[in-house]
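Reader: I have a model open and would like to go through a few local features. Can you take my questions as they come?

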Amino acid sequence: MTRARIIGVSGASGGVGASCLVAALGVRARQRGAVCALVDLRRHGGGLDVVLGVDHEPGLRWPDLARARGRLDIPDILPRLPRGAGVPAVSFERTSAAAPDAHAIRAVIDNLAFYCDLIVVDLPELSAPEFGVAAALLHEGLIVCGFGPTQLAAAGVHARALEASGVAWSIVQRVARGSPEDLPALVCDALGLRVVAVLSDDDRVTADLRRGRVPGGRGALAEAADQVLESIRVPLGRAA
């Protein structure tokens with residue numbers, strides 16, 4: 001009965017920009033008229049709220065929702081979540097060790113799905129217990145692959161490990177100046193997964209993060225997010 005499309009984003013290796021893509025998907029979906037919420041499950045990551053530039057803003061975070069169960073008052077919760085570029089996010093609190101259990105993760109995502117068009121989950125490492133809980137809720141998943149030799153090797157290992165998750169995975173392929181033009185096609189053939197977006201290096205992402213701006217409102221990251229949104233079936237149209 002959920003209305004939202006629930007998409008998970010997983011980095012095949014460190015530093016490929018998975019969290020930035022999560023933020024960009026939220027920004028671009030909202031600009032298209034979709035109601036979108038972001039969910040951070042990377043307990044030991046840098047923090048999705050940092051990427052959104054709202055790490056010092058007040059609001060509800062996972063410690064406040066860590067024991068959520070059953071039906072939640074989402075119309076009350078949504079306005080109280082920190083928002084970056086107008087996009088609400090459920091993130092962790094670095095000063096608190098409290099973390100959501102499986103029941104809380106399911107309750108928050110399931111309830112948000114009744115009020116949103118799109119939910120984007122910043123997935124944790126595969127070994128984290130939160131991964132399996134989130135994977136069971138996803139409609140589809142994205143693997144962000146780097147372009148260096150070790151990153152491409154890691155992508156192969158990562159993709160094989162994800163096969164047992166039961167999720168339909170696609171690739172967002174990073175490229176850089178000097179990358180072979182056919183790199184996305186080579187990755188597609190090697191992993192047996194479709195490449196739904198190509199993400200070129202963009203210095204503006206680093207500049208946005210330094211200035212506390214949400215990345216993805218412009219440039220190559222925005223273009224990649226648009227490609228992803230075109231590939232997934234999101235019922236757009238309600239104002240955020």
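**Aromatic pairs, cysteines, a proline and a helix**

Author: Let's begin with a tryptophan. W169 is buried, with a relative accessible area of 8%. Keep in mind that this is a predicted model.

Reader: Which residue does W169 form an aromatic pair with, and is that pair stacked or tilted?

Author: The partner is F131, and the pair is stacked, with 6.5 Å between the centres and 10° between the planes. F131 is in helix 6 and W169 in strand 7 (residues 169-175), so the pair ties together parts 38 residues apart in sequence. F131 also counts as buried, at 6% relative accessibility.

Reader: How many aromatic pairs are there in the whole structure?

Author: Two turn up in a search of the whole structure. In the pair of W62 and F92, the ring centres are 6.5 Å apart and the planes are at 40°, so this pair is tilted. W62 belongs to helix 3 (residues 62-65), while F92 sits in the loop between strand 4 (87-90) and helix 5 (102-112), 30 residues apart.

Reader: Are W62 and F92 buried or exposed?

Author: W62 is buried at 0% relative accessible area. F92 counts as buried too, at 8%.

Reader: Switching to cysteines. How many disulfides?

Author: Zero, taking a disulfide as two cysteine sulfurs within 2.5 Å. C116 is in none, as its nearest cysteine sulfur, in C36, is 7.0 Å away. C116 is buried, at 0% relative accessibility.

Reader: Why is C145 not bonded either?

Author: Because its sulfur is 11 Å from the closest cysteine sulfur, that of C188, which is too far for a bond. C145 is buried as well, with a relative accessible area of 0%.

Reader: Next, P124. Where is it, and what does it touch?

Author: P124 is in the loop between strand 5 (118-122) and helix 6 (129-135). Leaving out residues up to four places away in sequence, P124 touches L41, R42, E130 and F131. P124 is buried, with 4% relative accessible area.

Reader: And how far is P124 from A98 in space?

Author: 16 Å between the C-alphas, with 26 residues separating P124 and A98 in sequence.

Reader: Last topic, helix 1. How many residues does it have, and what does it reach?

Author: Helix 1 (residues 18-31) has 14 residues and reaches 20 Å from first C-alpha to last, close to the 20 Å expected.

Reader: Is helix 1 mostly covered or mostly open?

Author: Mostly covered, with twelve of the 14 residues buried; among them are C20, L25 and R28. After helix 1 comes G33, which has a positive phi, near 95°.

Technical notes. Residues numbered from 1 in each chain as written. Predicted model: local features only at pLDDT ≥ 70, side-chain atom pairs only at ≥ 80, totals over all residues. Heavy atoms only, no water. Helix = DSSP H or I, 4+ residues; strand = E, 2+ residues; numbered from the N terminus. Expected span 1.5 Å × (residues − 1). Buried < 20%, exposed > 50% of the residue type's maximum accessible area, 1.4 Å probe, protein only. Contact = heavy atoms within 4.5 Å. Phe/Tyr/Trp six-rings, centres within 6.5 Å; stacked < 30°, edge-to-face > 60°.
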